[in-house]
Amino acid sequence: MSEKTPAIRPAVIIGGNRIPFARSNGAYSTASNQDMLTAALDGLIARFGLQGQRIGAVAAGAVLKHSKDFNLVRECVLGTSLSAQTPAYDVQMACATGMEAIGSLANKIKLGQIDSGIGGGVDTTSDAPIAVSEGLREMLMELNRARSTSARLKALSKFRPRDLAPNAPGTGEPRTGLSMGDHQAITTKAWNITREAQDELALASHKNLAAAYDRNFFDDLITPFAGVSKDTNMRADSTLEKLASLKPAFGKNLGAEATMTAGNSTPLTDGASAVLLGSEEYARANDLPMLANFVDFEAAAVDFVHGAEGLLMAPTYAVARILERNNLTLQDFDFYEIHEAFAGTVLSTLAAWEDMDFCKNKLGLDTALGSIDRSKLNVNGSSLAAGHPFAATGGRIVATLAKMLHEKGSGRGLVSVCAAGGQGVVAIVEAR
Ligand SMILES: CC(=O)CC(=O)SCCNC(=O)CCNC(=O)[C@H](O)C(C)(C)COP(=O)(O)OP(=O)(O)OC[C@H]1O[C@@H](n2cnc3c(N)ncnc32)[C@H](O)[C@@H]1OP(=O)(O)O
């Protein structure tokens, strides 16, 4: 190490805040990304007394955003009581946005570049950006440039009624045209994941989330927003019988083998989250709690376009690499937070880690990573129950896990988040 290389120091998770997540076109149907992320930040600021503070950096993002939100996160910061001298930037890595934002801030803290940071994300599918068609855009741009009546008429003459059809974003992968659910249906079938196993995982997610609310676990992690105080997708009264009765929503071409339903898939969701990180010195100087250390994170990507791997399987690769780098085994964890994009995603991921061929031939390991103790998986519920506002999920998971580790007083947690485009980000968090 050269004399100028900065020393690596711990990045500490101080705490988090999110607004309750709401099903799309429901309670937050008139709220914008800016409204929701600002609310999540406001709650964090109030909880930790950050009013007027210049934070080292705020990093967050949204998967779906309007063009007017080109500087979304900085605009949100300006709408809060943080010092206006707080720099902010947008991050976008599909559903791994929140993880990537938090990880990049943790690295800056570790290197001594900043003392404090707020990472998170927001998304709304209720206020999804609807773009005009290419034909209408070209006509409007020409009209805008026109300097004479004849030029304006010429531009207007190019209008075609069909150009009024709007372009709304979908959950389709641009390179394959398949929805993420249809991609997962292929993977779910390839790994022989049964409908029953998916429904059981979905039910456990709802029951675990409801139990966490019942023991007031979320009291210092969530602030109400727009009259909502709990995740609106949560169904504490869901049953295996009801889940078993639902029709397939994805992989319908698989006929009797189509196992993915609205009950074992995440719903489209609106929401926002924020997590405060800092150095130990910052936390001590500001009399703030230190819940856990954000130890390390790793990203991976797979070639799903040519069918070499399932769209949402990148975390299996990232986990193999982060374990090796940290000299850990898959069993060295007290909690596993595996984002439930679909129940089939979690179960395919677990099956892959248990599979000798996959671990040897795909992950390049000597042996299988093995199985995990399922009683340590998503113990306070996950995305199937809470919902999944794409970029906000990472912040929800990191804040939840840090609090779980703090309550336990020791141990280590593994985070795994899959993302569109065949990507994934995983992380290790440790109790202090
Ligand atoms: C983005 C990334 O980078 C990576 C990722 O995370 S990938 C994941 C991205 N997310 C997605 O792709 C979203 C996928 N989800 C969807 O598109 C939609 O939610 C969906 C197509 C699955 C379902 O939509 P929908 O038809 O509107 O569902 P919804 O009406 O709520 O539910 C259908 C039925 O299931 C029932 N149901 C749903 N969940 C239930 C539960 N847990 N228990 C009991 N019943 C349930 C509902 O009550 C409803 O029943 P009825 O017909 O009797 O009223």
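In this predicted model, the residues of the shell around the ligand divide into 15 nonpolar, seven polar and three charged. The shell counts 25 residues, and those that come nearest to the ligand are Arg23, Cys95, Ser238, His388 and Ala420. Two elements of secondary structure, helix 8 (240–245) and strand 11 (412–419), each supply at least two residues of this shell.

Individual polar contacts help to place the ligand among its neighbours. One of its oxygen atoms lies 2.8 Å from a polar side-chain atom of histidine 388, a residue that also appears among the nearest of the shell. Histidine 339 likewise offers a polar side-chain atom, here 3.0 Å from an oxygen atom of the ligand. With threonine 266 the backbone takes part instead: a polar backbone atom of this residue is 2.8 Å from a nitrogen atom of the ligand. On its own the ligand has 1100 Å² of accessible area, and the protein covers 71% of it.

It is helpful to look next at the space that holds the ligand. The ligand sits in the largest pocket, whose volume is about 580 Å³. This pocket is lined by 30 residues, and the closest to its centre are Ala262, Ser265, Thr266, Pro267 and Leu268. Thr266 thus returns here, having been met above through its backbone contact with the ligand. Helix 6 (180–190), helix 8, strand 6 (248–250) and strand 11 are the elements that give two or more residues to the lining of the largest pocket. Helix 8 and strand 11 were also named above as suppliers of the ligand shell. Sorted by class, the lining of the largest pocket comprises 16 nonpolar, 10 polar and four charged residues.

A further pocket completes the picture. The second largest pocket has a volume of about 310 Å³, and 18 residues line it, with Leu64, Gly170, Thr171, Met180 and Phe390 the closest to its centre. The lining of this second largest pocket is made up of 11 nonpolar, six polar and one charged residues.

Notes: Residues are numbered from 1 along each chain as its sequence is written. This is a predicted model: local features need pLDDT of at least 70, side-chain atom pairs count only at pLDDT 80 or more; totals for chains, interfaces and linings use all residues. Side-chain values use heavy atoms; hydrogens and water are left out. A residue is near a molecule or strand if one of its heavy atoms lies within 4 Å of it. A polar contact is a pair of N or O atoms within 3.5 Å; within protein, one must be able to donate a hydrogen and the other to accept it, and residues adjacent in sequence count only if both atoms are side-chain atoms. Accessible areas come from the Shrake-Rupley method with a 1.4 Å probe; for residues, only the protein chains shown count as cover. On a 1 Å grid over the protein atoms alone, a cavity is a set of points where a 1.4 Å probe fits but cannot get out, and a pocket is an open set with protein on both sides within 12 Å along at least five of seven lines; lining residues have an atom within 4 Å of a point. A molecule sits in a cavity or pocket if more than half of its atoms lie within 2 Å of its grid points. Helices (H or I, at least four residues) and strands (E, at least two) are DSSP runs, numbered from the N terminus. Ala, Val, Leu, Ile, Met, Phe, Trp, Tyr, Cys and Pro count as nonpolar, Asp, Glu, Lys and Arg as charged, and the others, Gly among them, as polar. Grid points are joined across faces, edges and corners, and a volume is the space filled by probe spheres set on the points.
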